[in-house]
Amino acid sequence: MTPGSEIAGAHMAVVLIAEDDEDIAVILVRLLKRAGHTVLREPDGQAAFESAVANRPDVVLTDLGMPRMDGLELSRALRGHPDLAGVPVLMLSGQLHPGDRQPAEAGVCAVLLKPCPNDRVVTTVGELAQHGAHEHGAGATDCPRRSVVTA
């Protein structure tokens with residue numbers, strides 16, 4: 001393996017997007033495909049969970065407010081699935097406030113507030129893909145999750 005190749009490999013992640021807003025979803029899909037990722041997209045949390053079970057994504061990027069299953073419920077469902085418990089979850093939301101503990105308690109690894117600069121989304125997805133699957137239970141020290149919501 002040549003130096004840096006493990007970083008280059010991280011850019012070829014399979015990213016599952018759970019987003020019910022069509023305009024935002026189109027932008028996120030285009031953005032992450034341009035960054036070299038394979039992108040799957042579902043319009044709600046339940047469909048995203050079913051897709052995750054079938055496709056085993058490297059990273060899940062979810063909205064908070066969605067029909068059928070919201071982003072927090074999706075993260076909890078992933079954490080409860082034996083094959084998906086370690087998958088990194090990034091939440092993108094306009095409904096949270098800095099200091100909100102709900103995402104971390106649901107096993108979300110990182111939260112970005114909408115509107116969020118596109119490069120920040122790409123960078124965070126890349127970092128989570130590179131970090132890979134990891135523990136999320138109580139006392140887990142491997143998760144990069146922040147205790148507070150970051151802008």
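**An open parallel sheet with helices around it**

Of the 151 residues in the chain, 46% are buried (buried means under 20% relative accessible area, exposed over 50%, partly exposed in between, with a 1.4 Å probe and protein chains only). This is a predicted model, so to speak on paper only: local features need pLDDT of at least 70, side-chain atom pairs count only at pLDDT 80 or more, and totals for chains, interfaces and linings use all residues. Residues are numbered from 1 along each chain as its sequence is written, and side-chain values use heavy atoms, with hydrogens and water left out.Confidence comes next. The pLDDT (the predictor's confidence in each residue, from 0 to 100) averages 86 over the chain, and 87% of the residues score at least 70. Residues 1-10 are another matter, with pLDDT below 50; beyond near neighbours in sequence, that stretch has five contacts in the model (contact means heavy atoms within 4.5 Å).

As for the overall layout, the chain has six helices and five strands, where helices (H or I, at least four residues) and strands (E, at least two) are DSSP runs numbered from the N terminus. Read from the N terminus on, the elements go α-β-α-β-α-β-α-β-α-β-α. Among contacts with a separation of 6 or more, 64% link residues 24 or more positions apart. About 7300 Å² of the chain is exposed, with carbon and sulfur atoms supplying 53% of it; these areas come from the Shrake-Rupley method with a 1.4 Å probe, and for residues, only the protein chains shown count as cover.

The five strands form an open sheet with parallel pairing, in the order β2-β1-β3-β4-β5 (two strands pair if DSSP finds at least two bridges between them). At the edges sit β2 (38-42) and β5 (110-113), each pairing on one side only. From one strand to the next, the twist averages 20°; axes are lines fitted to C-alpha atoms, for helices over the stretch in contact, and angles run from 0 to 180 degrees between N-to-C directions. Within the sheet, β3 (residues 59-63) and β4 (residues 89-93) pair in the parallel sense over four bridges, and Thr-62 has Met-91 in β4 as its bridge partner. Helix α2 (residues 22-34) packs on the sheet and touches β1 (14-18), β2, β3 and β4, its direction making about 165° with that of β2.

Helix α3 (residues 45-55) includes Ser-51. Asp-44 caps the N-terminal end of α3, with a side-chain oxygen 3.0 Å from the backbone nitrogen of Gln-46. Buried residues in α3 are Gly-45, Ala-47, Ala-48, Phe-49, Ser-51 and Ala-52, and their cover includes β1, β2 and α4 (71-79). Ser-51 counts as buried because its relative accessible area is 7%. Leaving aside neighbours within four places in sequence, Ser-51 is in contact with Leu-16, Leu-40, Glu-42 and Arg-56. Arg-56, just after α3, takes a positive phi of about 50°.

Over in helix α6 (residues 118-131) lies Val-122. With a relative accessible area of 23%, Val-122 is partly exposed. Outside its neighbours within four places in sequence, Val-122 is in contact with Leu-31, Leu-32 and Ala-35. The C-alpha atoms of Val-122 and Lys-33 are 9.9 Å apart, although 89 residues separate the two along the chain.

How values were computed:
Polar contact = N/O pair within 3.5 Å; in protein donor to acceptor, adjacent residues only side chain to side chain.
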